[in-house]
Amino acid sequence: MKVGENSGSFEDGQLSVDVFQTPEEIVIVAPVAGVNKNDLTVNITDEVLTIRGKRNFVFRVSGENYFTQECFWGNFSRSIILPESIDTSKVKATFSSGILVIRIPKVEKILYPKAPRQING
């Protein structure tokens with residue numbers, strides 16, 4: 001799996017994900033069964049995380065021989081707008097048993113106290 005590299009244009013399919021937060025981080029979980037970790041790329045900016053990959057065909061079967069074809073094969077991608085301020089330098093991605101988990105630490109927002117303002121005029 002490559003983090004931070006651009007592997008070209010993938011536009012065929014969309015990846016399903018779960019995105020949730022803990023007090024410390026944003027967590028993205030993507031089931032990618034049948035995908036080799038070397039066929040996954042994760043790119044992140046301060047606002048958007050993009051997962052790209054490819055699920056290779058296992059069997060070469062002509063269309064007329066299928067009874068049902070529900071599995072997605074080929075290129076896929078998913079971009080997620082991140083809902084919080086995050087620290088892109090500390091992103092951690094793990095891949096195990098066909099599940100990609102990405103953990104992105106939140107950045108603590110600095111809140112300035114509201115000070116009364118005098119209105120002149």
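What share of the 121 residues in the protein is buried? Buried residues make up 28% of them. Please keep in mind, as we walk through it, that this is a predicted model. The protein exposes about 8900 Å², and carbon and sulfur atoms supply 50% of that area.

Let us begin with the overall layout. The protein has nine strands and zero helices, so that, read from the N terminus on, its elements run β-β-β-β-β-β-β-β-β. Among the contacts with a separation of 6 or more, 61% are made by residues 24 or more positions apart.

Now turn to the sheet. Four strands build an open sheet, in the order E3-E4-E9-E8, with antiparallel pairing. At its edges lie strand E3 (18-21) and strand E8 (92-96), each of which pairs on one side only. On average, neighbouring strands of this sheet are turned by 15° against each other, with direction ignored.

Strand E9 is a good place to look at this pairing residue by residue. Seven bridges join E4 and E9 in the antiparallel sense, and here Ile 28 stands opposite Ile 102 in E9. Strand E9 (residues 99-105) also runs antiparallel to E8, to which five bridges join it. Along this second pairing, Ala 93 stands opposite Ile 102, Phe 95 stands opposite Leu 100, and Lys 92 has Arg 103 as its bridge partner in E9. Ile 102 is therefore a residue to pick out in the view: it faces Ile 28 and also Ala 93.

Several of these residues appear again in the core. In soluble globular proteins, nonpolar side chains tend to be buried together. In this model, the largest nonpolar core has 18 residues. Those with the most contacts inside it are Ile 28, Val 32, Leu 49, Ile 51, Leu 100, Ile 102 and Ile 104. The elements that give two or more residues to this core are strand E4 (25-31), strand E5 (40-44), strand E6 (48-55), strand E7 (74-81) and E9.

Ile 51 lets us look at this core from one residue outward. Leaving out residues up to four places away in sequence, Ile 51 touches Leu 15, Ile 28, Ala 30, Leu 40, Thr 41, Phe 76, Ser 77, Arg 78, Leu 100 and Ile 102. Three names in that list, Ile 28, Leu 100 and Ile 102, will be familiar as residues with the most contacts inside the core.

Charged side chains come next. The count of salt bridges comes to two. In one of them, Arg 103 is joined to Glu 25, with the closest N and O atoms 2.6 Å apart. Because Arg 103 lies in strand E9 and Glu 25 in strand E4, this pair ties together parts that are 78 residues apart in sequence. How do the two partners compare in exposure, buried or partly exposed? Arg 103 is partly exposed, with a relative accessible area of 38%, whereas Glu 25 counts as buried at 18% relative accessibility, since the cut-off for buried is under 20%. The other salt bridge is formed by the side chains of Asp 87 and Lys 90, at 3.9 Å from N to O.

Let us finish at the turn between E8 and E9. These strands form a hairpin with two residues between them, and both Ser 97 and Gly 98 are found in this loop. Which residue of the hairpin takes a positive phi? That residue is Ser 97, with phi near 50°, a positive value in a residue other than glycine. Most residues other than glycine have a negative phi, which is why this one deserves a look.

Are the two loop residues buried or exposed? Ser 97 is exposed, with a relative accessible area of 75%, whereas Gly 98 counts as buried, at 15% relative accessibility. Leaving aside neighbours within four places in sequence, Gly 98 is in contact with Ala 30, Pro 31, Val 32 and Ala 33. Val 32 is one of the residues with the most contacts inside the core. Gly 98 also lies 8.7 Å from Lys 37 in space, C-alpha to C-alpha, although the two are 61 residues apart in sequence.

Definitions and conventions. Residues numbered from 1 in each chain as written. Predicted model: local features only at pLDDT ≥ 70, side-chain atom pairs only at ≥ 80, totals over all residues. Heavy atoms only, no water. Axes fitted to C-alpha atoms, helices over the stretch in contact; angles between N-to-C directions. Core = buried A, V, L, I, M, F, W, Y, C linked by side-chain atoms within 4.5 Å. Buried < 20%, exposed > 50% of the residue type's maximum accessible area, 1.4 Å probe, protein only. Contact = heavy atoms within 4.5 Å. Areas by Shrake-Rupley, 256 points an atom, 1.4 Å probe, with all protein chains shown as cover. Salt bridge = Lys/Arg side-chain N within 4 Å of Asp/Glu carboxyl O.
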